[in-house]
Amino acid sequence: MTDLVLQPPVLVFGGPYSNLRALLALRQRAEDLDIPPSHCICTGDVVAYCAEPEDTAAAIRDWGCHVIAGNCEEQLADASDTCACGFEEGSECDRLAKGWYPFANARMSPASRAWMAALPKTLTCTIGGWSVRVVHGGVDVINTFIFASERAALAAELERSGADIVIAGHAGVPFIERIDGRVWFNPGVIGMPANDGTPDVWYGLIRLEDDDLLIATRRLAYDHHGAAAAMRRSGHANGYARTLVTGLWPSLDVFPPAERAATGGRLRPRTLRLPIRTAARAAG
Ligand SMILES: [Fe+2]
């Protein structure tokens, strides 16, 4: 599938969302785990809801991890008028986007826009002998929301991917689903909590244990009060500023019924164990 072979551990994450404190906390976590930038992958939406768009874009470039483009990067690269998040017209998310997107768009440097324009749309690699495709939303459509409860959509996306494992973002909540031998892994986002009633954010770890490949979701605590205060100082005393503290999203519009019903229920980290495939075992 690709010549890029990543030896675990690999750290994956979505949506920094202009939340500089969360991004720096995650970088520190990667360093604590001795995971180099070449083994860290971001699924896009570096810039969105929070207070520090340019500093966050600069910080992730400074870190040097892999980044693919989210819909926000596609739009900001061209200084487009909207975020193209896929929010329903007139919804609360759509209303909030009319505040945070122009705020971010007005603050992006030419260097950041040029960096965003050059980002790849996808990344393919092999981890533990499994072929992996990294996408932002859906396999072909960047702003498709894919959730764990939508089994038919997941199966179709996995079939379309041509990979054993898809790592995806955009949807904002972490989950791992195995369907017909393939795996959809959304490690969650680090820029906003996961609507589970806690201020923590989420990332993913892929690591080896004995002859198995372990795919896991992980919780990350960080200075969420500082992130919320920065939003208020920047004039964004909005629903997302409250979300950073309460852990509850300002709107459930994008959720299917099952994810909506899970609102406020504390998420538990999950781990999926897969066998290392023969070639990787021989190489390792
Ligand atoms: Fe997105």
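Here is a walk through a predicted model, from its iron site to its salt bridges, its cores and one of its helices.

**The iron site**

Let's start with the metal. Four residues hold the iron ion: D45 through OD, N71 through OD1, H136 through NE2 and H170 through ND1, at 2.0 to 2.2 Å. If you look along the sequence, these donor residues follow the spacing D-x25-N-x64-H-x33-H. The angles among the four donor atoms run from 86 to 144°, and the site is irregular. To count as tetrahedral, four donors would need all angles between 85 and 135 degrees.

The two histidines are worth a second look. H136 sits in the loop between strand 6 (130-134) and helix 6 (151-161), while H170 sits in the loop between strand 7 (165-167) and strand 8 (175-179), so the pair ties together parts that are 34 residues apart in sequence. Both H136 and H170 are buried.

**Salt bridges**

Next come the charged pairs. The model has 16 salt bridges, including the three set out here.

| Pair | Closest N to O distance |
|---|---|
| R95 and E92 | 2.7 Å |
| R160 and D140 | 3.7 Å |
| D200 and R219 | 3.0 Å |

Take R95 and E92 to begin with. They are three residues apart in helix 4 (residues 92-105), so about one helical turn separates them. E92 is partly exposed, at 27% relative accessibility.

With R160 and D140, the partners come from separate elements. R160 belongs to helix 6 and D140 to the loop between strand 6 and helix 6, so this pair ties together parts 20 residues apart in sequence. R160 is partly exposed, with a relative accessible area of 43%, whereas D140 is exposed, at 57%.

Then there's D200 with R219. This pair links distant parts of the chain, 19 residues apart: D200 is in the loop between strand 9 (182-186) and strand 10 (201-209), and R219 is in strand 11 (residues 212-220). D200 counts as buried because its relative accessibility is 14%, and R219 counts as buried because its own is 15%.

Some salt bridges also join up: R207, E209, D212 and R273 are linked in a network of them.

**The nonpolar cores**

Now for the inside. The largest nonpolar core has 65 residues, and those with the most contacts inside it are L11, F13, I60, W63, F87, W100 and Y240. What does L11 touch, leaving out residues up to four places away in sequence? Its partners are L26, A30, I35, H39, C40, I41, Y203, G204 and L205. Apart from the largest core lies another one, of 21 residues, with V183, L213, I215 and L272 among them.

**Helix 8**

Y240, one of the residues with the most contacts in the largest core, brings us to helix 8. In this helix (residues 239-246), G239, Y240, A241, T243 and L244 are buried. Which helices do the buried residues of helix 8 pack against? They pack against helix 4 and helix 7 (224-233), and helix 4 is where R95 and E92 sit.

Both ends of helix 8 have something to show. At its start, a side-chain oxygen of N238 comes to within 2.9 Å of the backbone nitrogen of Y240. Just after the helix, G247 takes a positive phi of about 80°.

Notes
Residues numbered from 1 in each chain as written. Predicted model: local features only at pLDDT ≥ 70, side-chain atom pairs only at ≥ 80, totals over all residues. Heavy atoms only, no water. Donors = N, O, S within 2.8 Å, 3.2 Å for Na, K, Ca; no water. Tetrahedral: all angles 85-135°; square planar, octahedral: opposite > 155°, others 65-115°. Helix = DSSP H or I, 4+ residues; strand = E, 2+ residues; numbered from the N terminus. Buried < 20%, exposed > 50% of the residue type's maximum accessible area, 1.4 Å probe, protein only. Salt bridge = Lys/Arg side-chain N within 4 Å of Asp/Glu carboxyl O. Core = buried A, V, L, I, M, F, W, Y, C linked by side-chain atoms within 4.5 Å. Contact = heavy atoms within 4.5 Å. Polar contact = N/O pair within 3.5 Å; in protein donor to acceptor, adjacent residues only side chain to side chain.
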